[in-house]
Amino acid sequence: MSASSGAPDLLVKASSLTKVFKRRRGLLDRASDDVHAVSGVSLEIVRGETLALVGESGSGKSTLGRMLLRLIEPSSGSIEFDGVDLLGLDSGSLRKMRRRMQIIFQDPYSSHNPTMTVRSIVREPLTIHRLGTRAERDERTTELLTLVGLKPELAGRYPHELSGGERQRVGIARAIALEPDFLVADEPVTALDVSVQAQILNLLLGLQEKLGLTYLFIAHDLRVVEHVSDRVAVMHRGKLVELQSRIDLFAHPKHEHTRELLASIP
Ligand SMILES: Nc1ncnc2c1ncn2[C@@H]1O[C@H](COP(=O)(O)OP(=O)(O)O)[C@@H](O)[C@H]1O
Ligand SMILES: [Mg+2]
């Protein structure tokens with residue numbers, strides 16, 4: 001906990017974040033088009049909250065989420081993480097900071113190395129950061145599997161031997177291995193069956209409470225975030241068009257595009 005002055009305890013503060021990708025027009029064409037994936041987005045994420053980020057496919061959600069972790073370098077703008085200027089960090093300091101921020105991907109199948117067992121996938125961050133002895137890492141790995149509701153017997157299996165829900169649990173175990181403060185969950189249930197979606201959402205909620213996590217929860221569907229968010233930010237064509245508490249947003253959507261997203265919920 002940082003010193004409190006009565007102001008909300010900010011974990012992440014993004015100011016005027018912009019990302020312009022250069023896209024080559026074609027194989028033989030040297031010229032490129034600018035893709036304005038994210039344009040001038042400012043937002044704050046309070047410690048312990050879930051901020052949902054919604055918007056249709058291509059609206060810039062993943063680009064924004066990855067910029068907040070500096071997995072994509074912004075074209076301009078600034079990011080503070082726990083009061084530290086993230087874009088000013090050298091690679092050594094960034095590496096240390098990275099332990100505190102992790103990402104969960106949409107498709108846990110393509111994001112896991114198919115030749116690694118569940119145990120080695122979950123243990124890898126501990127190994128990379130050289131934490132503990134080998135025995136301690138194995139013990140921690142078992143603890144992590146239990147924490148995400150997987151039987152330790154699954155440790156020797158490969159990703160293709162698991163169900164979609166189990167694979168996503170492996171991704172979550174790996175993401176929390178280093179005890180991060182901040183998790184970007186990029187459409188973590190989009191690829192799953194509806195019945196499994198609820199289980200994974202409940203797991204994420206439980207872990208948030210247990211571990212004091214702060215979430216940026218990305219979804220293209222407002223339905224999913226109705227159950228997991230404190231506040232909701234809506235993106236449209238790279239811009240943030242609305243940010244309200246979940247209750248206010250569902251009751252009184254301000255932006256036309258938010259109303260369209262709400263109307264598309266069956
Ligand atoms: N590496 C890249 N190079 C070029 N364009 C990209 C790249 N990544 C994303 N884009 C483009 O940026 C826009 C936003 O993409 P993205 O952030 O993935 O949106 P979302 O996650 O909301 O679907 C899209 O038009 C996409 O095609
Ligand atoms: Mg995306």
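Hi everyone, let's start at ligand 1: strand S1 (10–26), strand S2 (29–46) and helix H1 (61–68) each supply at least two residues of the shell around it. Before going on, please keep in mind that this is a predicted model.

So which element gives the largest share of that shell? It is H1, with three residues. If you want to find the shell on your screen, look for Phe21, Arg23, Val35 and Ala37, then Glu56, Ser57, Gly58, Ser59 and Gly60, and finally Lys61, Ser62 and Thr63. Sorted by character, three of the shell residues are nonpolar, six are polar and three are charged.

Let's zoom in on some contacts. An oxygen atom of ligand 1 sits 2.5 Å from an N or O atom in the side chain of threonine 63. With glycine 58 the partner is a polar backbone atom, and the distance to an oxygen atom of the ligand is 2.7 Å. Serine 59 also offers a polar backbone atom, 3.2 Å from an oxygen atom of ligand 1. How much of the ligand does the protein bury? Taken alone, ligand 1 exposes 560 Å², and the protein buries 64% of that.

Now let's step back to the sheets. S1 and S2 belong to an open sheet of four strands, in the order S2-S1-S4-S5, with antiparallel pairing. Why do S2 and strand S5 (84–85) each have one side without a neighbour in the sheet? They stand at the edges with a single partner strand each, so one side is left free of a neighbour there.

Follow S1 through this sheet and you meet two partners. On one side, S1 and S2 run antiparallel and are joined by 12 bridges; one pairing to look for is leucine 10 with valine 46 in S2. A hairpin of two residues takes you from S1 to S2.

The other partner is strand S4 (residues 76–81), which pairs with S1 in the antiparallel sense over five bridges. Two examples are easy to find: threonine 18 has serine 76 as its bridge partner in S4, and valine 12 has phenylalanine 81. H1, our helix from the ligand shell, packs on this sheet, where it touches S1, S2 and S4. The direction of H1 makes about 125° with that of S1.

While you are looking at strands, here is a handy rule: in a regular strand, side chains alternate between the two faces of the sheet.

Let's move on to another sheet. This one is open too, with six strands in the order S6-S7-S8-S3-S9-S10 and mixed pairing. Which strands are at its edges? They are strand S6 (101–104) and strand S10 (239–245), each pairing on one side only. From one strand to the next, the twist averages 15°.

At the S6 edge, the neighbour is strand S7 (residues 182–186), and the two pair in the parallel sense over four bridges. Glutamine 102, for instance, has leucine 183 as its bridge partner in S7.

Helices pack here as well. Helix H7 (residues 194–211) touches strand S3 (50–54), S6 and strand S8 (214–219), and its direction makes about 160° with that of S8. Helix H10 (residues 256–263) lies across S3, strand S9 (231–236) and S10, running at about 105° to S9.

That's my tour, and thanks for listening!

How values were computed: Residues numbered from 1 in each chain as written. Chains lettered and ligands numbered in written order. Predicted model: local features only at pLDDT ≥ 70, side-chain atom pairs only at ≥ 80, totals over all residues. Heavy atoms only, no water. Near = heavy atom within 4 Å. Polar contact = N/O pair within 3.5 Å; in protein donor to acceptor, adjacent residues only side chain to side chain. Areas by Shrake-Rupley, 256 points an atom, 1.4 Å probe, with all protein chains shown as cover. Nonpolar A, V, L, I, M, F, W, Y, C, P; charged D, E, K, R; others polar. Pairing = 2+ DSSP bridges. Contact = heavy atoms within 4.5 Å. Axes fitted to C-alpha atoms, helices over the stretch in contact; angles between N-to-C directions.
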